[in-house]
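Please open the model in your viewer and keep the selection panel at hand. The stops below go from the whole chain to its interior.

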Amino acid sequence: HWSTRALMRHLKRTEGISVSWHYIARVWREEKLQPHRSGTFKISKDPAFAEKVADVVGLYLAPPGGAVVLSIDEKTQIQALDRTQPVLPVAFAATEKRTHDYVRHGTTNLFAAFNVGTGEVIGECKPNRNGQSFLAFVKKAVKPHAGKEIHIVLDNLSTHTTPEVREWLAKNPHITFHFTPVGSSWINQVETWFGIITRQSIRRGTFSSVNVLITQIRDYIDNWNTDAKPFTWTATADEILAKVRLVQTNIKKLVDNNAK
């Protein structure tokens with residue numbers, strides 16, 4: 001894990017090069033190097049990866065005329081954490097501080113439908129996650145769009161393809177499910193919204209009960225919908241597939257080099 005000062009000392013010790021850490025920081029900025037950051041990635045092994053990416057991205061970039069596109073998923077096991085002491089708010093020269101210890105009052109599961117065209121969200125908290133709960137929520141999410149063609153983007157959870165769900169789809173041919181590639185939930189826009197509500201309302205919250213947590217989630221959704229805006233999706237299917245191929249090539253090179 002390199003820092004500018006660590007690299008400064010390394011260059012002096014091993015190469016006999018004397019530079020300041022300010023100089024190293026400037027070079028990093030100019031070359032857009034960020035060694036202090038790291039990320040994770042996962043390569044999907046779905047044999048239909050390309051076809052599913054093209055299908056979902058096509059809905060985002062060019063939805064059928066007059067159709068509604070909903071991105072639906074569940075955020076499971078949201079914890080109602082109650083800090084043992086009040087949170088110390090941010091102040092000048094001081095960051096926000098929370099106690100390390102907490103009381104866990106239980107969990108809830110958030111079902112959410114993100115309208116890709118408008119940015120509006122329909123959400124509902126349920127005590128469990130199963131095929132019955134999922135189907136009940138989908139019926140609620142599509143109800144405001146009666147009479148319209150509806151496309152729903154989903155991941156590959158078994159609860160999304162139960163016999164009851166398939167039977168309901170057969171009776172509602174104007175509703176079509178579009179599944180993201182296995183291991184590629186990032187392509188589902190509601191996942192982006194889950195990240196936003198987690199950062200802004202859940203992660204730093206203090207909840208004395210599950211009901212308090214659910215109330216906060218409902219209030220956040222109501223507030224979001226007062227000024228809802230859709231996400232701007234810009235990546236084409238070809239661009240995504242090209243980037244994935246590049247990552248796969250780089251991984252293969254690393255594996256081959258490590259095998260030598």
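A residue is called buried here when its relative accessible area is under 20%, and by that criterion buried residues make up 35% of the 260 residues in the protein. Keep in mind throughout that this is a predicted model.

Begin with the whole chain in cartoon view, where 8 helices and 5 strands can be found, following one another from the N terminus as α-α-α-β-β-β-α-β-α-β-α-α-α. The C-alpha atoms fill a box of roughly 75 × 50 × 35 Å along the principal axes, and the radius of gyration is 23 Å, whereas a compact globule of 260 residues would have one near 18 Å.

Next, switch on the surface, of which the protein exposes about 16,200 Å², with carbon and sulfur atoms supplying 54% of it. If you then colour by charge, the 34 positive and 24 negative charges have mean positions that are 8 Å apart.

Now hide the surface and select V53, L110, W193 and I217, which touch the most other members of the largest nonpolar core, a set of 35 residues. Extend the selection to α3 (49-61), β1 (68-83), β2 (102-115), β3 (121-126), α6 (189-202), α7 (210-226) and α8 (237-259), each of which supplies at least two residues of this core; the largest share, 7 residues, comes from α7.

Which residues does I217 contact, leaving aside its neighbours within four places in sequence? Selecting I78, T108, L110, C125, I197 and I202 shows them.

Finally, select V68, I72, A113 and L154, which are among the 19 residues of another core, lying apart from the largest one.

Definitions and conventions: Residues are numbered from 1 along each chain as its sequence is written. This is a predicted model: local features need pLDDT of at least 70, side-chain atom pairs count only at pLDDT 80 or more; totals for chains, interfaces and linings use all residues. Side-chain values use heavy atoms; hydrogens and water are left out. Helices (H or I, at least four residues) and strands (E, at least two) are DSSP runs, numbered from the N terminus. The radius of gyration is taken over C-alpha atoms; the globule rule is 2.2 Å times the number of residues to the power 0.38. Buried means under 20% relative accessible area, exposed over 50%, partly exposed in between (1.4 Å probe, protein chains only). Accessible areas come from the Shrake-Rupley method with a 1.4 Å probe; for residues, only the protein chains shown count as cover. Lys and Arg count as positive and Asp and Glu as negative; His and the chain ends are not counted. The place of a charge is taken as NZ of Lys, CZ of Arg, CG of Asp or CD of Glu. A nonpolar core is a set of buried Ala, Val, Leu, Ile, Met, Phe, Trp, Tyr and Cys residues joined through side-chain atoms within 4.5 Å. Contact means heavy atoms within 4.5 Å.
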